[in-house]
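Reader: I have the sequence and the model open side by side. Could you take me through what the coordinates say, one topic at a time?

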Amino acid sequence: MISFKKVTKTYDRNARPALKDISLEVERGEFVFLVGASGSGKSTFIRLVLKEERPTAGSVLVAGQDVDAIPNWKVPQLRRNVGTVFQDFRLLPNKTVFENVAFALQVIGKSRGAIKETVPEVLKTVGLEGKGKRMPHELSGGEQQRVAIARAFVNKPGILLADEPTGNLDPTTSLGIMKLLDRINRAGTTIVMATHDDEIVDEMRKRVVELVDGEIVRDEASGVYGSVR
Ligand SMILES: Nc1ncnc2c1ncn2[C@@H]1O[C@H](COP(=O)(O)OP(=O)(O)OP(=O)(O)O)[C@@H](O)[C@H]1O
């Protein structure tokens, strides 16, 4: 589903690479934790998948397509198939919960009828039934993240990229968010989640890919946050 073939990304010509000769295959339906210290290259990995950055060398394939070969006018189509969730939720503050989720459908031209039907269903899936009329500031952090996940998921993307989605949440709320992501994954969406949250990684026992200074130092099925020595 996502394939990195000998990918190097250098932002500044003289700086050390943010990613160094990375090769990685993420199969359809997998759940992968990307772990590593701040600056190890996790966000760069995510930006390359979204074509927000271009590799300096090597190639990135998403659903079999070389991202670099996708013309700019087709990039929105790529990003529709790759939902994103971030640490800071990124909701539209002046729109209701319903409108925040509906927006993702409006931009792809869905009819009002379809939107009216789909949004409440998705809100129910993420545990926000009946909260469509609330404004983001009237929600807890965990609820705001659920809205962000609903928005990312409403188009049923094949891939969901999550960059520190539990970074602003307490442990109990984080666990709720992880259960939701796990459910979405089990329904068929491939998930790559960058995180520093060792408790979550240890609890979930998914594939763990560890980056150190832009290089993959560990790739384990059912792994834990820190390598077992
Ligand atoms: N736009 C940019 N221009 C120049 N250098 C950058 C840019 N973005 C990232 N870098 C550098 O690339 C390296 C990897 O950064 P990246 O953001 O991918 O790490 P990260 O693992 O996501 O870190 P964090 O956990 O803090 O988000 C760092 O050395 C960083 O300073």
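**Strand pairs, a helix and a ligand shell**

Author: V209 stands opposite D219 in strand β10, where helices (H or I, at least four residues) and strands (E, at least two) are DSSP runs numbered from the N terminus. Residues are numbered from 1 along each chain as its sequence is written. This is a predicted model, in which local features need pLDDT of at least 70 and side-chain atom pairs count only at pLDDT 80 or more, whereas totals for chains, interfaces and linings use all residues.

Reader: OK, and in what sense do β9 and β10 pair?

Author: β9 (residues 207-212) and β10 (residues 215-220) pair in the antiparallel sense over 5 bridges, and two strands are said to pair if DSSP finds at least two bridges between them. They form a hairpin with 2 residues between them, and D213 in that turn has a positive phi of about 50 degrees.

Reader: Which residue in the segment after β10 should I look at next?

Author: S222 is found in that segment, and it has a positive phi of about 45 degrees although it is not a glycine. R90 is a further non-glycine residue with a positive phi, near 55 degrees, and its place is in the loop between β6 and α3.

Reader: Are those two buried or exposed? S222 and R90, I mean.

Author: S222 counts as exposed, because it has 9 C-beta neighbours inside 10 Å. R90 is partly exposed, with 14 other C-beta atoms within 10 Å. The scale calls a residue buried if 20 or more other C-beta atoms lie within 10 Å of its own, exposed if 12 or fewer, and partly exposed in between, with the C-beta atoms placed from the backbone.

Reader: Let's change topic. How many helices and strands does the chain have, and what is its radius of gyration?

Author: The chain has 7 helices and 10 strands. Its radius of gyration is 18 Å, which agrees with the value near 17 Å for a compact globule of 229 residues; the radius is taken over C-alpha atoms, and the globule rule is 2.2 Å times the number of residues to the power 0.38. Along its principal axes the C-alpha trace spans about 50 × 45 × 30 Å, and 39% of the 229 residues count as buried.

Reader: In what order do the strands of the open sheet run?

Author: The 4 strands of that open sheet follow the order β2-β1-β4-β5, with antiparallel pairing. β2 (19-26) and β5 (65-66) stand at the edges, each with a single partner strand, so one side of each is left without a neighbour in the sheet. Strand β1 (residues 2-9) is joined to β4 (residues 57-62) by 5 bridges, and S3 stands opposite L61 in β4.

Reader: And how do β6 and β7 run, parallel or antiparallel?

Author: β6 and β7 run parallel and are joined by 5 bridges, with L161 in β7 as the bridge partner of T84. β6 is mostly covered, since 4 of its 5 residues are buried.

Reader: What about α5, how many of its residues are buried, and what covers them?

Author: In α5, 11 of the 13 residues are buried, among them V147, I149 and F153. The cover includes β6 (82-86), α3 (97-106), α4 (112-125), β7 (159-163) and α6 (171-186). The helix, residues 141-153, reaches 18 Å from its first C-alpha to its last, close to the 18 Å expected at 1.5 Å a residue; the expected span is 1.5 Å times one less than the number of residues.

Reader: Last one: which residues surround the ligand?

Author: The ligand is surrounded by Y11, D12, A18, G36, S38, G39, S40, G41, K42, S43 and T44, a residue being near a molecule if its C-beta atom, placed from the backbone, lies within 6 Å of it. This shell divides into 2 nonpolar, 7 polar and 2 charged residues. Here Ala, Val, Leu, Ile, Met, Phe, Trp, Tyr, Cys and Pro count as nonpolar, Asp, Glu, Lys and Arg as charged, and the others, Gly among them, as polar.

Conventions: Two residues are in contact if their C-beta atoms, placed from the backbone, lie within 7 Å.
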